[in-house]
Amino acid sequence: QVQVVESGGGLVEAGGSLRLSCIVSGRTSTPYAMAWFRQAPGKEREFVAAAGWSGLSTIGDSMKGRFTISRAYGKNTNFLQMNNLESEDTAVYYCATGNHMAKVAGAYNYWGQGTQVTVSL
């Protein structure tokens, strides 16, 4: 059974940083991509970042220059470093895994429960 577990969320002041972690277990088919999405109350789920099996990565447009995703080659763990956080970054952040790296949620078939990130003014 595939499990996706996020950690590292919390409350931070605007301008601060947080580091989220995600671990995938139980997945026997490789290679696979890992990604982060976020969803704020009343808004649609939004792409944040993704990393492929080789570590190649991509970041959502509104996060470029502030967020970084890292994943070592072939590892089941990735880290999302979020710097210079803004109140608009407040959301539940979800980690997901799928066969290919993509910016759409439908490309990912296993999801974590999410971790809350709250940025205060």
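Buried means under 20% relative accessible area. The model discussed here is predicted.

Q: Is T77 buried or exposed?
A: T77 sits in strand β8, residues 77-82. The cut-off for buried is under 20% relative accessible area. T77 has 19% relative accessibility, so T77 counts as buried.

Q: Which side chain does the side chain of T77 join in a polar contact of 3.3 Å?
A: T77 lies in β8. A polar contact of 3.3 Å links its side chain to that of N76.

Q: Which residues is T77 in contact with, leaving aside neighbours within four places in sequence?
A: One of the residues that T77 touches is C22, a disulfide cysteine. With those neighbours set aside, the full list is C22, I23, M34, S70 and R71.

Q: How many residues apart are C22 and C95?
A: C22 and C95 form a disulfide, with sulfur atoms 2.0 Å apart. The pair links distant parts of the chain: C22 is in strand β3 (residues 18-25), C95 in strand β9 (residues 91-98). Their separation is 73 residues.

Q: Is the link of C22 and C95 left-handed or right-handed?
A: The structure holds one disulfide. Both of its cysteines, C22 and C95, are buried. The angle about the S-S bond is -85°, and the link is left-handed.

Q: Which residue in β3 does S7 stand opposite?
A: S7 belongs to the uncovered face of strand β1, with Q3 and V5; V4 and E6 make up the covered face. β1 and β3 pair in the antiparallel sense over five bridges. In β3, the residue opposite S7 is S21.

How values were computed. Residues are numbered from 1 along each chain as its sequence is written. This is a predicted model: local features need pLDDT of at least 70, side-chain atom pairs count only at pLDDT 80 or more; totals for chains, interfaces and linings use all residues. Side-chain values use heavy atoms; hydrogens and water are left out. A disulfide is a pair of cysteine sulfur atoms within 2.5 Å. Helices (H or I, at least four residues) and strands (E, at least two) are DSSP runs, numbered from the N terminus. Buried means under 20% relative accessible area, exposed over 50%, partly exposed in between (1.4 Å probe, protein chains only). A polar contact is a pair of N or O atoms within 3.5 Å; within protein, one must be able to donate a hydrogen and the other to accept it, and residues adjacent in sequence count only if both atoms are side-chain atoms. Contact means heavy atoms within 4.5 Å. Two strands pair if DSSP finds at least two bridges between them.
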